[in-house]
Amino acid sequence: MPVVHTKRRRTRFGSPLSWLSQISLPILTIVLLLAFPHVSIQASTLGERSLEELSVQAVESLVSLRDSVKNIDPTDPSSHLSRILIPRPADSDNNTLVRNYIVSTLKALNWEVEEDIFTDDTPYGTKRFTNVIATKDPSASRRVILSAHFDSKYFSSFPQNQFVGATDSAFPCALMLDLAETLDPLLNARKERLEQGLEEDDEVADTTLQLVFFDGEEAFREWTATDSVYGARHLAEKWATTFIAPHTKRHLPTPSASEISTIEHLILLDLLGAPNPFIRSAFLDTAWLFDGLVAAERRLASSGAFAEDGIPNPDIRSFFIPRRAGEGNMNYVEDDHIPFLKRGVSILHVIATPFPRVWHTLSDDASALDLPTMRRWNLIFRVFFAEYLGLRPEVRSSREDRNTHSSRSHEELVRRFIDRRPNTGLTPRLTCVRRLGYG
Ligand SMILES: [Zn+2]
């Protein structure tokens, strides 16, 4: 029997969901499909379409557009990743610090940033949560969402309360900030083309990029329907019951569209950044988007972007498990997408299964992350979103413009990573011990 991965069942304490591991895959699949019938009620989605493949030169330009390592380098204290990589459970001072960092980074880009504040009951009493929603162009009629949770799991006592959740999900959040900064000028250029009537596909050009940083994904105690995904449950409910005011969007899909109906797809990242991930396609209706990620990875590999010692390696093992003919929905992992899935939103869930071996342990710190892997994720999403959103990366004529990262070898990345680690003696692991800042 294939291993069935349900995110919260990998606990040593015998989760109430452990019965799931005893039943067969087909039965489980049926149970999950009945629980979450994935009927699309999207009026606004552009649906499956062919993504316009970037040229080799455009891919190279995207690779070198911004340093693909700087923002995700855990040994650089000023990187986005380092600023997020502290214990940050919901309703803590550190959580506010990280949230403020995310907000200020995106406001500096002039994105519209909303802080969605609410309270909810938890096993530890009423807690305050804040989702962060950043939108490049609020007047666009539709958006594609890239999301991850920015809270880290709460532990009540030392040393577990030093948990920083590097893969869960500090790195995905850092990737999102890097992506926003990288694509921002390309999105501006696309808007100019749209306004000047130069955009060939104004349907695609009227889809904007929205980033959602969910708070309160983690259970305070055991994962249950009411002790988990606090932020996602709140936001899905809010958007399903909020109707868009006329004249705030260029073209409303229907006169009484709800906020949730203008989501084309919600792409959720979780448990990424460790080496050798295995990513599966969970939903049939977004299999074409999964294929888009696979294609972006393949083209980057053959362009030499992941080159070791400057030699392109098109045979590099893919992060993605090939889809099989006749494969159905395989939604095994409960996560922030569930409240949206239940409301008919189309979901692409990018999560490593099996989970990183450090999952929910103190070892999910900087030492669990692999810089070449993280850089590869950065580049895959740059290409994927450029193709999804119809962006035109500037093709530069001078190779001198480019930074050196496009041809940086694997060994060099690893060496750089190791050289810049704090001197912690012989241990190969980074220590990342920062005190919780409860007030
Ligand atoms: Zn977690």
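Which residues are exposed on the other side of helix 4? In this predicted model, helix 4 spans residues 93–107, and its exposed positions on that other side are Asp 93, Ser 104 and Lys 107. The buried positions of the helix are Asn 95, Val 98, Arg 99, Ile 102, Thr 105 and Leu 106. These buried residues lie on the same side of helix 4, because they cover an arc of only 130° around the axis. The 15 residues of helix 4 reach 21 Å from the first C-alpha to the last, close to the 21 Å expected at 1.5 Å a residue.

The packing partners of the buried residues of helix 4 include both helices and strands. The helical partners are helix 3 (80–84) and helix 5 (166–195). The strand partners are strand 1 (112–122), strand 2 (125–135) and strand 4 (207–214).

Strand 4 is also joined to strand 3, by eight bridges, and the two run parallel. Across this pairing, Ala 148 of strand 3 stands opposite Phe 213 in strand 4. Strand 3 is joined to strand 5 (residues 263–270) as well, by five bridges and again in a parallel arrangement. Here Ile 145 of strand 3 stands opposite Leu 266 in strand 5.

Strand 3, which covers residues 142–149, is mostly covered, with eight of its eight residues buried. In a regular strand, side chains alternate between the two faces of the sheet. In strand 3, Arg 142, Val 144, Leu 146 and Ala 148 point one way. Arg 143, Ile 145, Ser 147 and His 149 point the other way. Both sets of residues are buried.

For the protein chain as a whole, 11 helices and six strands are assigned. Of its 439 residues, 45% are buried. Among contacts with a separation of 6 or more, 77% are between residues 24 or more positions apart.

Confidence in the prediction varies along the protein chain. The average pLDDT is 82, and 77% of the residues score at least 70. Over residues 1–44, pLDDT stays under 50, and the model has 67 contacts beyond four places in sequence for this segment. The pLDDT also stays under 50 over residues 416–439, for which the model has 31 such contacts beyond four places in sequence.

Notes
Residues numbered from 1 in each chain as written. Predicted model: local features only at pLDDT ≥ 70, side-chain atom pairs only at ≥ 80, totals over all residues. Helix = DSSP H or I, 4+ residues; strand = E, 2+ residues; numbered from the N terminus. Expected span 1.5 Å × (residues − 1). Buried ≥ 20, exposed ≤ 12 C-beta atoms within 10 Å, placed from the backbone. Arc of directions from axis to C-beta. Contact = placed C-beta atoms within 7 Å. pLDDT = per-residue confidence, 0-100. Pairing = 2+ DSSP bridges.
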